[in-house]
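Visitor: I should like to understand how the descriptive terms applied to this structure are justified. Please begin with a single residue.

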Amino acid sequence: MTAGAARTDPAQERLRRWRLVLGGDAADGTGCALSGRDAAMDGALTALYGKGEKPRRGRERSAGLGASAPSVARWLGDIRTYFPSSVVQIMQRDAIDRLGLATLLLEPEMMEAVEADVHLVGTLLSLNKAMPETTKETARAVVRKVVEDLEKRLATRTRATLTGALDRSARINRPRHHDIDWNRTIAANLKHYLPAYRTVVPERLIGYGRASRSTQKDVILCVDQSGSMAASVVYASVFAAVLASMRTISTRLVVFDTAVVDLTDQLDDPVDVLFGTQLGGGTDINRALAYCQSQIARPAQTVVVLISDLYEGGIRNEMLKRVSAMKASGVQFVTLLALSDEGAPAYDREHAAALAALGTPAFACTPDLFPEVMAAAIEKRPLPVPEAG
């Protein structure tokens, strides 16, 4: 059946699509045979989604991908040929989860064939310690490509948003002439308009503080590196590197499971940061916050961002006391259940409610929203918490 024939026969096209969905079982009821590109697409789908309890006839949807790295590499090439990039990434993820292919990602030929995305980076990081030397350089190249793509997408807007927030937070009411913000000054003094003179006589001047070479804000990103937080670790590392590149923000990146690791000295290269993490293991939020608390020198100028699903393996009450103490000292404390595009993961609702009672709502944050969240924290205004659901 040609593509032209499919377009001229809507009924046959519907059968073709149902045949691809149902997989060719004798009982699927389509009676539709596939050939050419359609048959190749069906084969790629069969290899991944065809494992069932009963063997099937014809192009059996129980072929699987086997344990051969070359055959998986060929399959990866096939799906990139037949499906768009967004679908390829989903199929790769499903293959890793459904067919246990994580260990095959340790093969160099596999690394060269995969479609790189945040989730693949998370898988590679979880395999980091087991990765042979022959694969590490290729894996780093894959991770670097994803990181560079993310930086291009996120860096410019993040810097612009936070620079504006820093400028606004530095406004002064007795500015020098060339530092006056005339738009805000006029708006604040409209009630002093003199019709006879057609002018505003300002009683209060509003202006920006002089551009400072010194650090205006301290930001500490405290990131849970348990396995469920893989995408958040990737995004947090990229954002940490972007923030660290801003002269007026002092940035510290702390990752934790049951141990705490400070990766601040590696922020000039987020790839090094990512390979310095170790996904998996337990969680001790209290210990991580204790370390972060010890690094705070200017509470009123500090923003602490905890990124965690809040499943605490440490001392819960101590964790809450630390958050309360930091807030009482003037620290702006932000709790993100995730920093990713997937929304909120499974999380400890009791801990989330306890933090909310302290004035720190816990919510999932997309990478696109993160600059706005940080800007609000810097300006000490309410956070843009997404509506539930």
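Guide: This is a predicted model. Consider R140, which has a relative accessible area of 22%.

Visitor: Why is R140 called partly exposed?

Guide: Buried means under 20% relative accessible area and exposed means over 50%. R140 has 22%, so R140 counts as partly exposed.

Visitor: What makes the contact of D272 with R140 a salt bridge?

Guide: The criterion is a side-chain nitrogen of Lys or Arg within 4 Å of a carboxyl oxygen of Asp or Glu. In the pair of D272 and R140, the closest N and O atoms are 2.6 Å apart, and the pair therefore qualifies as a salt bridge. D272 belongs to helix α11 (residues 270-275) and R140 to helix α8 (residues 133-169), so this salt bridge ties together parts that are 132 residues apart in sequence.

Visitor: Why is D272 classed as partly exposed?

Guide: The relative accessibility of D272 is 30%. Partly exposed lies between the limits of 20% and 50%, so D272 falls in that class.

Visitor: How do you know that E372 and R157 form a salt bridge?

Guide: Their closest N and O atoms are 3.4 Å apart. The limit is 4 Å, so the pair meets the criterion. This pair links distant parts of the chain, with E372 in helix α15 (residues 370-379) and R157 in helix α8, 215 residues apart. E372, at 30% relative accessibility, counts as partly exposed, and R157, at 37%, also counts as partly exposed.

Visitor: What makes the meeting of D262 and R252 a salt bridge?

Guide: The N to O distance between their side chains is 2.5 Å, which is within the 4 Å limit, so the term applies. D262 is in strand β5 (residues 260-262) and R252 in strand β4 (residues 249-256), ten residues apart.

Visitor: How many salt bridges does a search of the whole structure find?

Guide: The search finds twelve. Elsewhere, R153, D341 and D368 are linked in a network of salt bridges.

Visitor: Why is helix α7 called roughly perpendicular to helix α10?

Guide: Helix α7 (residues 118-126) and helix α10 (residues 230-244) pack at an angle of about 100 degrees, with their axes 8 Å apart. Angles of 65 to 115 degrees count as roughly perpendicular, so α7 is described in that way relative to α10. In this contact, V118, V121, G122 and L125 of α7 meet A230, A231, V234 and Y235 of α10. By class, the contact has seven nonpolar, one polar and no charged residues.

Methods:
Residues numbered from 1 in each chain as written. Predicted model: local features only at pLDDT ≥ 70, side-chain atom pairs only at ≥ 80, totals over all residues. Heavy atoms only, no water. Axes fitted to C-alpha atoms, helices over the stretch in contact; angles between N-to-C directions. Helix = DSSP H or I, 4+ residues; strand = E, 2+ residues; numbered from the N terminus. Parallel < 35°, antiparallel > 145°, perpendicular 65-115°, else oblique. Contact = heavy atoms within 4.5 Å. Nonpolar A, V, L, I, M, F, W, Y, C, P; charged D, E, K, R; others polar. Buried < 20%, exposed > 50% of the residue type's maximum accessible area, 1.4 Å probe, protein only.
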